[in-house]
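Q: Please take a close look at one part of this model, the packing of one helix on another. I would then like a connected account of the sheet and the enclosed spaces.

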Amino acid sequence: MVRSTQLLHAQREPAPLRPAATVLLLRDGPQGLEVLMTRRSMTASFAPGAYVFPGGGIDAADAAAHAQAIRRPGQSDLHLTQAIAAIRESFEELGVLLARHADGRWADATDIAAIDRTGPFADQCMARGLQLAADQVFILAHWITDRDLPRRFDVPFLVARMPEGQTPVADETEQFEPVWVRPQDALARHEAGQFFIIFPTIRTLERLKAFATVDEVLAACAATEEPLFTSCPRAGWLAGKEARYMEHESPYGELELVSPDGQIVHHLDWQTEQPVALLKNVQRLTAPNPGVMTGPGTNSYLVGDPNTGFIAIDPGPADPDHLERLWRAAGGNIRFIVCTHSHPDHSPGAAPLQAMCKDRPPILGMASRPTARAHSQFKPDRELQDGERLVLGAGGVTHTLRALHTPGHAANHVCFVLEEDGLLFSGDHILNGSTTVIDPPDGHMGDYLNALDLLSAVCDQHGIGFILPAHGHVLGFAKQAITQLKAHRLRREAKIAAAMQALPNGTLEQWVEKAYDDVPPRLWPVAARSLQAHVDHIRETLGA
């Protein structure tokens with residue numbers, strides 16, 4: 001866990017969460033699935049003027065109305081209360097009544113006209129012999145308002161089929177202009193500046209557009225009593241504008257590391273001119289070598305502070321301007337230079353950086369093995385031992401890097417754990433935005449997978465929450481990311497095994513075409529290198 005003393009910004013308590021519920025009323029239109037949306041009042045305290053789904057806060061009366069609701073097996077008390085709140089809000093705001101008579105008939109226009117939208121909802125329904133159709137309301141998503149916003153809600157996005165024979169009529173107080181719209185059309189109109197919708201609505205519509213019919217949506221939600229996804233977004237600056245992200249998106253982990261409380265303070269633009277502070281004791285400088293294999297460029301890291309001195313991780317290519325910036329960011333006070341592995345975008349800068357430093361800090365790492373290619377030769381001043389610790393300290397503050405031998409991408413690959421802050425510097429073993437290439441003979445898939453298991457265990461041992469890769473933004477949910485990465489590799493291996501079985505005399509090129517059919521063909525030559533590693537691993541596993 002990151003030490004609070006190393007955070008860049010004073011933390012503040014986010015606004016408290018208020019329980020609420022939102023419902024997406026759905027119908028099958030002539031061109032596909034449609035959802036009912038309305039425009040919020042221009043004077044609303046939350047999202048004024050935005051097109052939204054009906055909903056609002058959960059009242060005590062909603063929890064007290066369980067006996068008046070039809071409940072399906074497995075529907076929890078919480079989900080029942082949320083469904084009742086959504087039914088009430090859809091009636092108060094749009095005059096849509098999700099309720100049935102004892103004989104199963106839906107409420108009709110006579111029932112709707114007889115019930116006062118501003119009166120006690122459940123009591124009025126009971127007086128007319130109506131039961132709330134909570135069994136027909138399912139949970140689609142769970143949104144928690146971003147930590148930076150002054151009004152925050154904990155809100156399920158529920159779904160229900162629009163009752164036959166009812167017509168939405170806005171209350172003209174909170175909601176206006178009800179409109180049926182296909183999710184993809186709402187998104188297109190928003191993109192054109194004609195239909196203002198906020199981030200959770202956008203992302204929910206993006207998920208919803210994958211469904212062709214109401215039945216498909218309800219079946220997916222009915223398969224489990226849990227949301228299909230849950231999110232509490234985070235925001236940063238990109239190209240001078242506020243940009244928000246969900247947990248599965250590349251920048252999320254970095255935003256969480258830099259600003260745990262959700263303040264919008266971090267710039268996500270890739271640049272090579274200035275160091276990017278991630279913590280008080282961690283800076284990132286990206287080398288100017290972007291490309292297919294390097295993404296935005298190789299990330300060099302400085303760990304330490306002016307009092308303790310710094311450890312430089314992966315100086316990168318021998319680019320004089322990049323090394324000058326790295327040296328200046330450390331004030332010339334570099335105590336160790338460490339390389340995660342010998343590849344030419346990681347280690348060649350080590351010697352010239354060392355020459356720039358007055359006290360010539362040692363270059364540490366593992367020497368390239370005989371299997372390394374000619375352009376990946378590396379010999380450190382001293383070989384790091386697996387588990388060895390490098391310690392910086394001054395004034396009672398320490399920064400300890402522990403080396404972990406993690407072969408797979410390269411035979412001499414090393415990851416580093418910053419023990420005091422629970423950070424994993426993963427080199428090329430784990431990337432953000434792509435999977436690393438395993439290129440035999442120096443790369444080995446079995447070693448790679450075993451090293452992932454090692455790193456997963458280390459996450460538990462050291463409370464590691466974040467992964468700082470050599471390419472891409474910081475990754476959050478460290479252990480989960482490793483688990484997902486291994487699962488992805490094993491799924492790929494299963495596809496390769498199937499391709500080998502289908503074409504037992506096939507070539508690598510033919511197997512790539514089948515096993516990497518979800519990858520652009522222009523990348524198949526690179527994929528073929530990892531495919532060879534998978535083939536070797538399959539044959540080793542089978543004892544062939």
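A: Contact here means heavy atoms within 4.5 Å. The model is predicted. By that criterion, α13 brings Leu508, Trp511, Val512, Glu513 and Ala515 to the contact, and α14 brings Trp524, Ala528, Leu531, Gln532, Val535 and Arg539. By class, these residues comprise 8 nonpolar, 1 polar and 2 charged. The polar residue is Gln532, and the charged ones are Glu513 and Arg539.

The geometry of this pair can be stated with two values. Two packed helices are described by the angle between their axes and the distance between the axes. Helix α13 covers residues 508-515 and helix α14 covers residues 524-542; the angle is about 100 degrees and the axes lie 9 Å apart. Angles of 65 to 115 degrees count as roughly perpendicular, and α13 and α14 are therefore roughly perpendicular to each other.

Helix packing also appears at a sheet. An open sheet of 5 strands follows the order β20-β21-β22-β23-β24, and its pairing is mixed. Its edges are β20 (389-394) and β24 (466-469), each of which pairs on one side only. From one strand to the next the twist averages 20 degrees. Strand β23 (residues 423-427) runs parallel to β24 and is joined to β24 by 4 bridges. Within this pair, Phe425 stands opposite Leu468 of β24. Helix α11 (residues 445-462) packs on the sheet and touches β21 (397-405), β22 (414-418) and β23. The direction of α11 makes about 155 degrees with that of β21.

The enclosed spaces complete the account. Cavities of 30 Å³ or more number 2 in the structure. The largest cavity holds about 60 Å³ of space. Its lining consists of Arg72, Gln75, His79, Gln82, Ala83, Val137, Phe138, Ile139, Leu158 and Glu225. Two or more of these residues come from each of α2 (77-94) and β7 (138-144), and α2 gives the most, with 3 residues. Sorted by class, the lining of the largest cavity has 5 nonpolar, 3 polar and 2 charged residues.

The second largest cavity has a volume of about 30 Å³. Arg234, Ala235, Leu255, Ser259, Gly262, Gln263 and His266 line this second cavity. By class, the lining of the second largest cavity has 2 nonpolar, 4 polar and 1 charged residues. The charged residue is Arg234, and the nonpolar ones are Ala235 and Leu255.

Key
Residues numbered from 1 in each chain as written. Predicted model: local features only at pLDDT ≥ 70, side-chain atom pairs only at ≥ 80, totals over all residues. Heavy atoms only, no water. Axes fitted to C-alpha atoms, helices over the stretch in contact; angles between N-to-C directions. Parallel < 35°, antiparallel > 145°, perpendicular 65-115°, else oblique. 1 Å grid on protein atoms, 1.4 Å probe; cavity = no way out; pocket = protein on both sides within 12 Å on 5 of 7 lines; lining within 4 Å. Points joined across faces, edges and corners; volume = space filled by probe spheres on them. Pairing = 2+ DSSP bridges.
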